[in-house]
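Here is a walk through one structure, taken a few contacts at a time. Please keep the sequence and the 3D view at hand while reading.

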Amino acid sequence: MSEVPEQNEKAEEAEEPLEEAEAEKEKKLEKKPEKKKKKEKGVFALYKIENGGLMRLRPVCERCGPGYFMADHGDRYACGHCGFTRYKPAENKK
């Protein structure tokens, strides 16, 4: 008879970590931020149609020539093909 209460205690101890793990998972799910809307990729990011013509939104690489657009990195433009970097003019902040 003394064996039965010991088994019940062990079973209760085994359930507690499971309940804690489930509570932690629920907390993590609640904390996830909403996904940001992705920017358009491809040709839509490189050209804009104005007055019946195409306007290039990014500069073309000076070394590689037409067809190689430079990536916009905030304070600079960089070519992914040859690695050429051109810095944007610094704005005076007062």
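Which side chain meets that of Arg76 in a salt bridge? The partner is Asp75, with 3.0 Å from N to O. This comes from a predicted model. Arg76 is partly exposed, as its relative accessible area is 29%. Asp75, at 44% relative accessibility, also counts as partly exposed, because the value lies between the 20% limit for buried and the 50% limit for exposed.

Arg76 also belongs to a strand, since S4 covers residues 76-79. Strand S4 pairs with S3 in the antiparallel sense, and three bridges hold the two strands in register. Within this pairing, Met70 stands opposite Cys79 of S4. The two strands are part of an open sheet of three strands, in the order S3-S4-S5, with antiparallel pairing. S3 and S5 stand at the edges and have a single partner strand each, so one side of each lacks a neighbour in the sheet. From one strand to the next, the twist averages 25 degrees. In a regular strand, side chains alternate between the two faces of the sheet.

Another pairing involves S1 and S2. Strand S1 spans residues 47-50 and strand S2 spans residues 53-56; they run antiparallel and are joined by four bridges. Ile49 has Leu54 in S2 as its bridge partner. The two strands form a hairpin, with two residues between them. In the turn, Asn51 has a positive phi of about 50 degrees.

The hairpin also carries a salt bridge. Which residue does Lys48 meet there? The side chain of Lys48 meets that of Glu50, at 3.6 Å from N to O. Lys48 is partly exposed, with a relative accessible area of 40%. Glu50 counts as partly exposed too, at 36% relative accessibility.

Next come the aromatic rings. How many aromatic pairs does the structure hold? There is one. The rings belong to Tyr47 and Phe69; their centres are 5.6 Å apart and their planes stand at 90 degrees, so the pair is edge-to-face. Tyr47 lies in strand S1, whereas Phe69 lies in the loop between S2 and strand S3 (70-72), so the pair ties together parts that are 22 residues apart in sequence. Is Phe69 buried or exposed? Phe69 is buried, because its relative accessible area of 18% falls under the 20% limit. Tyr47, at 29% relative accessibility, counts as partly exposed.

A further ring takes part in a contact with a charge. The charged end of Lys88 sits over the ring of Tyr77, at 4.8 Å from the ring centre.

The last contact again links a loop and a strand. The side chains of Glu62 and Arg86 meet in a salt bridge, with 2.9 Å from N to O. Glu62 lies in the loop between S2 and S3, and Arg86 lies in strand S5 (residues 85-87), so this pair ties together parts that are 24 residues apart in sequence. Glu62 counts as exposed at 54% relative accessibility, because that value is over the 50% limit. Arg86 counts as partly exposed, at 29%. A search of the whole structure finds four salt bridges, among them the one between Glu62 and Arg86.

Note on methods:
Residues are numbered from 1 along each chain as its sequence is written. This is a predicted model: local features need pLDDT of at least 70, side-chain atom pairs count only at pLDDT 80 or more; totals for chains, interfaces and linings use all residues. Side-chain values use heavy atoms; hydrogens and water are left out. Two strands pair if DSSP finds at least two bridges between them. Rings of Phe, Tyr and Trp (its six-membered ring) pair if their centres lie within 6.5 Å; planes under 30 degrees apart count as stacked, over 60 as edge-to-face and the rest as tilted. Buried means under 20% relative accessible area, exposed over 50%, partly exposed in between (1.4 Å probe, protein chains only). A charge sits over a ring if NZ of Lys or CZ of Arg is within 6 Å of the ring centre and within 35 degrees of the ring normal. Axes are lines fitted to C-alpha atoms, for helices over the stretch in contact, and angles run from 0 to 180 degrees between N-to-C directions.
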